[in-house]
Amino acid sequence: AGGSAPALHPPGPRRAARAPMPLVVEEHGHALHVRGEGLELSVDRAAARVDHLIRDGGALLLAGPEATLWRAPTDNDGLKQGWMKGLRTLGDWPRAGLDRLERKPLSVTWKKARDGNVHVRLESVLVGTDPAVMAHHREDLVLHPTGRLDAVETFETPPEWKDLPRVGVVLALPGRFERLEWLGLGPHETYPDRRASGRFGRFTSTVTAQYVPYAVPQEHGHHHETRWVALEAGAGEGLLVTAPKPFGFSASHYRAADLTGALHTTDLEPRAETVLHLDAAHRGLGTASCGPDVLPRYRIPPGRHRLVWSLLPYRADRDDPGRLAR
C-alpha cells in the first residue's frame, strides 16, 4: 500500500484548569452564607454552628460539625438496668450531665483572606449538671472556592470532668453516603486499648455493616489510628476526611443518644442520615463488667484537646481517595 505517513504534530500546550469563582459572603439576619460556584456553606449565627453545606444542589452536610463528649455506654462502663445500675463510670458520667450537655453559643466571626478563602470561627460552651462547670469549644473553619473545608477543633474541658467518654465532633451526612472506605486499623472495630487485635490497612465496608448487634445496644464501630476515611454515594459522589495526625472515627445510622436509650436491639430504628464521629480522643473499653476498669493511660484527662481535619468532595467514579489524601 502506498501513500505517505501522516505528519506528526507535537501536542499543543495543555489548557490549565479554570479556577473556580471567588467566594461571596452574605449576612441575612441570623444566617451567614458563604457561596461559591455550585457551593454554599450556611452558618446559624444565633446557634454558632454550621447549618448545612451544599455542593451542586445536593447537601453534603445536613448538620455539624458539632462538639460532643458523649459515647453510648458499653457494658464495661456500667449497666443500664438492674441492681448495679448507676455504678462505675455510667453513674459518674450522667451525674455530671455528660449525656445531656447543653450547648450554649458564644460568638461567630468571619473574614475573607487574600487567597480567596473564607475563615469562620465559631465558639460555644457545653454545660453539664453544674451550671458553673463547662467545656469550651472553638471551631476554626476555612472554606476554599474548590469546596474543600478545613477545620481546627479546640476543646478545653474542666478539671471536674476527670474521665471523659470521648472528645470530638459529630456530623450528619445524607444517607446516600453509604459506602465506606478507610486507611487505618481494621477490619473490625478497634479502640485505644483494643488496637492490637486490628491490622493496619485499607478497608472497605458500608455504614449499615458497621452496626454490631450487641445484646444491649452500646458504643460500637469505632476505628482507631485512622489516616483517612471516605464515604461514597451511588451517583459517584465522594466525601474524604483526612487529617495530619491519626484520629478515630465511626460511621453509623444511629446517634449516641439512640444507643444510650435502647435496652434491646428491637428498640432501635435506623436513621435515614449517616452519622459520622471524628474523635480527637476516645476512652478505652477496659474489662470492668467482669474485671478491672480502663488503665490510666487509656482514659481522657481534662484540659486541652485538639483535632485538625479536612473535608474534601471528590468524584468517586474518577478519583482514588487514597491518592487525594496524600
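Start with the enclosed voids: this predicted model has 2 cavities of 30 Å³ or more. If you wonder how one looks for such things, rolling a probe the size of a water molecule over the atoms shows where empty space is left.

**Stop one: the largest cavity.** Select Ala72, Arg166, Glu219, His220, Ser250, Ser252, Tyr254, Arg255, Ala256, Leu259, Val275 and His277, and you've got its whole lining on screen. The space inside comes to about 100 Å³. Now color by secondary structure. Which elements give two or more residues to this lining? They are β15 (237-252), α2 (256-261) and β16 (274-282). Next, switch to coloring by residue class: the wall of the largest cavity splits into 5 nonpolar, 4 polar and 3 charged residues. Arg166, Glu219 and Arg255 are among the lining residues to click on here, and so are the histidines His220 and His277.

**Stop two: the second largest cavity.** Clear the selection and pick Ala48, Arg49, Pro65, Glu66, Ala67, Arg103, Leu122, Ser124, His137 and Glu139, which line this one. There's about 50 Å³ of space in the second largest cavity. Show the strands as cartoon: β6 (63-68), β8 (118-127) and β9 (134-143) each bring at least two residues to the lining. Which of them gives the most? That's β6, with 3 residues. Keep the class coloring on, and the lining of the second largest cavity reads as 4 nonpolar, 2 polar and 4 charged. For a last look, zoom in on some of its lining side chains, including Arg49, Glu66, Arg103 and Glu139.

Methods: Residues numbered from 1 in each chain as written. Predicted model: local features only at pLDDT ≥ 70, side-chain atom pairs only at ≥ 80, totals over all residues. Heavy atoms only, no water. 1 Å grid on protein atoms, 1.4 Å probe; cavity = no way out; pocket = protein on both sides within 12 Å on 5 of 7 lines; lining within 4 Å. Points joined across faces, edges and corners; volume = space filled by probe spheres on them. Helix = DSSP H or I, 4+ residues; strand = E, 2+ residues; numbered from the N terminus. Nonpolar A, V, L, I, M, F, W, Y, C, P; charged D, E, K, R; others polar.
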